[in-house]
Protein chains: 2
Amino acid sequence: MATGRTHRPATRSRGIPEATVARLPLYLRALTALSERSVPTVSSEELAAAAGVNSAKLRKDFSYLGSYGTRGVGYDVEYLVYQISRELGLTQDWPVVIVGIGNLGAALANYGGFASRGFRVAALIDADPAMAGKPVAGIPVQHTDDLEKIIDDNGVSIGVIATPAGAAQQVCDRLVAAGVTSILNFAPTVLSVPDGVDVRKVDLSIELQILAFHEQRKAGEEAAGESAAVPLAPKDSGKGPDGDVPAVMPA
Amino acid sequence: MATGRTHRPATRSRGIPEATVARLPLYLRALTALSERSVPTVSSEELAAAAGVNSAKLRKDFSYLGSYGTRGVGYDVEYLVYQISRELGLTQDWPVVIVGIGNLGAALANYGGFASRGFRVAALIDADPAMAGKPVAGIPVQHTDDLEKIIDDNGVSIGVIATPAGAAQQVCDRLVAAGVTSILNFAPTVLSVPDGVDVRKVDLSIELQILAFHEQRKAGEEAAGESAAVPLAPKDSGKGPDGDVPAVMPA
DNA sequence: CCATGTGAATTGATTCACAGCG
DNA sequence: CGCTGTGAATCAATTCACATGG
């Protein structure tokens, strides 16, 4: 759930399913924890539990990477950490820029898990001239004017957008023009990008709305069987003759 | 991609597919923008473009809600805003607590899109006694000791966890015990919760890792056809006799 | 005549269940 | 003998394509 258009049906060498790719970081986290506790091997059952998935799915996922386990025994933790890291491209260093150093941008800059695992905050960029030069998380904020130069100088290919919604598309266009080909978007907007550029989005409001949907269902079920009040799934209410249309919503 | 275990195969009245639910907020956002520009009606084609999906998918999604369009014309914007809002449960007010007021928690508290659309930050909670009483985003931070009382007094059913990973499960347990049944988790941990509790997670590091995977593929493809260096998908390298196993990774 | 709504076809992901290897 | 690796079966999501109704 997130890629903006993009999906390169093109030359995808030996397709690992997208759903699997999305779970690899999860496995990697669980494996890293095991590694720190010096656990030498782990079974699909144990690792699956630690990652919060079921073991059949995990084994199927790993089967796309190759045969890295030992039957009757399980997986070698260190070996698997390496293989997954390599598959994800984490054996190399990824310089990242964060554009938009408001509350969220600053929080991202300070976020520890960011720095770990191959990602390095190469620069912070903001449109506010008053911020220029101020250090955030030990890194001086630079002005948007220099965006292209910053991207170029640092060889950045991954950008994080944490600007207000109104500025996001424009920032995105400049990032892409400057050579960025992967974007993590925190602004609540749909970004349009040319083919070959990947966009993933994180939207707090959307996540909450999905939770609210399920929450509402739960609340309704409790009272199920009771009076016919609160029709939960108003399928086919087809704009009928009844005047139940409040027309305007709380913005 | 996110629900922690949970999926209530139970009494799901008239199943709207999960993938559809996840897109409804997207449609709602696009519709709200149209509404603000006083656009009266919109076709599936136009709305789909604004939401970044294709029109067939959009029409199929809407078909699960009912027949809300007019053939030959399109959809009434206001009417659809209302129907989707209602379906998502946004016509009611959802008090939310945020636990863990560090950089990220503070950013969330300040995040505007949070407050809009039915969600209200009812309380901020942190374990640090030094923070207690300090206002963040105009709301005084309260101490974890009072968590249960706060949940209860405010009738909170949705909790946001923005604590360090180590504290997350414990906070989660307390939230659940106090009556919270939906959790948005920003801590990089797998939370385990009883049936009937929904968990969605947002993990910055995971999103970046997914981008890195695709980014790596792109870099590899450029050089495709060249020397046989950089084998991209090492399928079946089967831990073979060759000694290509660095064994340890940069943590 | 145009755009919705939807069965049917397709593609993708998950789960099952067990053969086969260490 | 236990656990991996994987075909086959199932389930979910997407896309196609067109009949249908305003």
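**Exercise 1. Characterise the salt bridge between K149(B) and D153(B) in this predicted model, and state where both residues lie.**

Step 1. A salt bridge links the side chains of K149(B) and D153(B), with an N to O distance of 2.7 Å. The model in which this pair is found is a predicted one.

Step 2. Both residues belong to helix α7 of chain B, which spans residues 147-154. K149(B) and D153(B) are four residues apart there, about one turn of the helix.

Step 3. Exposure is assigned to residues with over 50% relative accessible area. K149(B) has 53% relative accessibility and therefore counts as exposed. D153(B), with a relative accessible area of 52%, is likewise exposed.

Step 4. Salt bridges that share partners also form one network, which joins D198(A), E215(B) and K218(B).

**Exercise 2. Describe the salt bridge between D153(A) and K149(A), and determine whether each residue is buried or exposed.**

Step 1. The side chains of D153(A) and K149(A) form a salt bridge at 2.7 Å, N to O.

Step 2. Because D153(A) and K149(A) are four residues apart in helix α7 (residues 147-154) of chain A, about one helical turn separates them.

Step 3. The relative accessibility of D153(A) is 51%, so this residue counts as exposed. For K149(A) the value is 53%, so K149(A) counts as exposed too.

**Exercise 3. Establish which chains the salt bridge between E207(A) and R200(B) joins, and whether its residues are buried or exposed.**

Step 1. The side chains of E207(A) and R200(B) meet in a salt bridge with an N to O distance of 2.5 Å.

Step 2. E207(A) is located in helix α9 (residues 204-222) of chain A, whereas R200(B) is located in strand β10 (residues 198-201) of chain B; the pair therefore joins two chains.

Step 3. Both E207(A) and R200(B) are buried.

Step 4. Over all chains, the structure holds 18 salt bridges.

**Exercise 4. Locate the annotated binding site of chain A, and examine the setting of G100(A) and N103(A).**

Step 1. According to an unreviewed UniProt entry, the annotation "binding site" covers G100(A), I101(A), G102(A), N103(A), L104(A) and G105(A).

Step 2. G100(A) is found in the loop of chain A between β4 (94-99) and α5 (103-110). N103(A), by contrast, has its place in helix α5.

Step 3. Burial requires under 20% relative accessible area. G100(A) has 8% relative accessibility and so counts as buried. The relative accessible area of N103(A) is 45%, so N103(A) is partly exposed.

Step 4. With neighbours within four places in sequence left aside, the contacts of G100(A) are G105(A), I125(A), D126(A), A162(A) and T163(A). One of these, G105(A), is itself covered by the annotation.

Step 5. N103(A), when residues up to four places away in sequence are not counted, touches A107(B) and N110(B). The partners of N103(A) listed here are thus residues of chain B.

**Exercise 5. Summarise the overall make-up of chain A: how many helices and strands are there, and what share of the residues is buried?**

Step 1. Chain A has nine helices and 10 strands.

Step 2. The chain contains 251 residues, of which 49% count as buried.

Step 3. Among contacts in chain A with a separation of 6 or more, 56% come from residues 24 or more positions apart.

Step 4. The exposed area of chain A is about 11,000 Å², and 53% of that area is supplied by carbon and sulfur atoms.

Note on methods. Residues numbered from 1 in each chain as written. Chains lettered and ligands numbered in written order. Predicted model: local features only at pLDDT ≥ 70, side-chain atom pairs only at ≥ 80, totals over all residues. Heavy atoms only, no water. Buried < 20%, exposed > 50% of the residue type's maximum accessible area, 1.4 Å probe, protein only. Contact = heavy atoms within 4.5 Å. Areas by Shrake-Rupley, 256 points an atom, 1.4 Å probe, with all protein chains shown as cover. UniProt positions renumbered as here; feature names shortened; annotations may be inferred. Salt bridge = Lys/Arg side-chain N within 4 Å of Asp/Glu carboxyl O.
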